[in-house]
Amino acid sequence: MAKKKHYQIVIQSIATLIQNANFKGFFTGKIYQGDTKKVCVPGLNCYSCPGAVGSCPIGSLQNSLSGYSFKFPYYVLGLLLFFGAILGRIVCGFLCPFGLVQDLLHKIPFPKKIRTFKGDMILRKLKYIILIVMVIILPIICKLTPVFCKYLCPSGTLAGILLAFSDTTLFSVFGSRFAWKFCILSIIILTSIIIARPFCKYLCPLGAFYGIMNKVSVVQMSCDKSKCNNCKACAKVCDMAVDPSVNCNHTECIRCGKCKNVCPSKAISYTNIFKEK
Amino acid sequence: MKYKKISSVLLLCLSVSMIGVGIYQNQPDSVLSKAIRICLECVGIG
């Protein structure tokens, strides 16, 4: 099981490195300007990160929606639908750089880790409100303003910090907006040590979008009820606090595979929607 | 399950069609033009 656990971190690390392969940028403070930035990456990875070689889908979607002359964002929305229709939230579990950051932070020992709490599931609806209000409605109303990126996105704040380390003049222009975003990033970092993936659970609009598509994506989780002995080992190990034996394609499931690895009767597996009966 | 499979195929077709329409309208260039400049809002300056 330990070996399989290791695989997730390895895949996450490789995905993060590939999406941030402009290593020179970390030293020069210059962001990548090549053609690969025409394509959005599946996970949350700010395009202002000095290493980023692709575009952030949420940032690109807001920019497409907030232009002076409204054009339906066929391309960005098409890419998001494509990733979601094939992978669902497996993007969160394996491909998202900010998911990796939170997973690593959660490995820091803390006396009392919190798996779930009263109102947890209700609070998780917040990400759908953020998706609709901050990513879709407000950018259409407030022209040229990517509202989610401007006020909430911690990935952008991290990108700003990385840029400032390589170009220290940036520190002098950081003001109250940066202070606000830095507070949010700090809260997410500290909370990640106690609660697994708080940003994915409560705030991420990308997770909300992919979560809606979990049930119809090509990649699926399958629970063979004839093999399941109802021991609930899968539910106990799940960082997202879902019970795979009841609903293995829950909107909150990030398909990390921990339930599959821990299942004593091998009832849970990865499958595809065309194999499902 | 049959409806889920149909929905999955339809979504895939829709997404590929949308990407095609977007490319036809040169939308990847708009994405690139924004992504090659530092997004001041994103990093907390603008």
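Among the contacts in chain A between residues at least 6 apart in sequence, 73% join residues at least 24 apart. This is a helpful place to begin with the model, which is a predicted one. The secondary structure of chain A comprises 15 helices and 2 strands.

The overall dimensions of chain A come next. Along the principal axes, its C-alpha atoms fill a box of roughly 60 × 45 × 35 Å. The radius of gyration of chain A is 19 Å, and this agrees with a compact globule, because a globule of 277 residues would have a value near 19 Å. Of the 277 residues in chain A, 56% are buried.

The surface and the charges of chain A can be described in a similar way. Chain A exposes about 12400 Å², and carbon and sulfur atoms supply 71% of that area. Its charged side chains number 34 positive and 9 negative. The centres of these two sets lie 1 Å apart.

With the overall picture in place, individual residues can be visited, starting with A:Q220. This residue belongs to strand β1 of chain A, which covers residues 219-223. A:Q220 has a relative accessible area of 0%, so it counts as buried, the cut-off being under 20%. A polar atom of the A:Q220 side chain lies 2.9 Å from the backbone oxygen of A:N214. A:N214 also appears among the contacts of A:Q220 when neighbours within four places in sequence are left aside. Besides A:N214, that list holds A:K215, A:N249 and A:R255, together with A:S269, A:Y270, A:T271, A:N272 and A:I273. The list also includes a residue of chain B, namely B:K4.

Strand β2 of chain A spans residues 268-272. The contacts of A:Q220 include A:S269, A:Y270, A:T271 and A:N272, whose numbers fall within the span of β2.

Two further residues deserve a friendly look for their backbone angles. A:A241 has a positive phi of about 55°, although this residue is not a glycine. A:A241 is placed in the loop between α14 (233-237) and α15 (258-262) of chain A. Its relative accessibility is 16%, and A:A241 is therefore counted as buried, since the cut-off is under 20%.

A:K266 is the other residue of interest here. Its phi is near 50°, a positive value in a residue other than glycine. A:K266 is found in the loop of chain A that lies between α15 and β2.

Notes:
Residues numbered from 1 in each chain as written. Chains lettered and ligands numbered in written order. Predicted model: local features only at pLDDT ≥ 70, side-chain atom pairs only at ≥ 80, totals over all residues. Heavy atoms only, no water. Helix = DSSP H or I, 4+ residues; strand = E, 2+ residues; numbered from the N terminus. Buried < 20%, exposed > 50% of the residue type's maximum accessible area, 1.4 Å probe, protein only. Polar contact = N/O pair within 3.5 Å; in protein donor to acceptor, adjacent residues only side chain to side chain. Contact = heavy atoms within 4.5 Å. Rg over C-alpha atoms; globule rule 2.2 N^0.38 Å. Areas by Shrake-Rupley, 256 points an atom, 1.4 Å probe, with all protein chains shown as cover. Lys, Arg positive; Asp, Glu negative; His and termini not counted. Charge placed at Lys NZ, Arg CZ, Asp CG, Glu CD.
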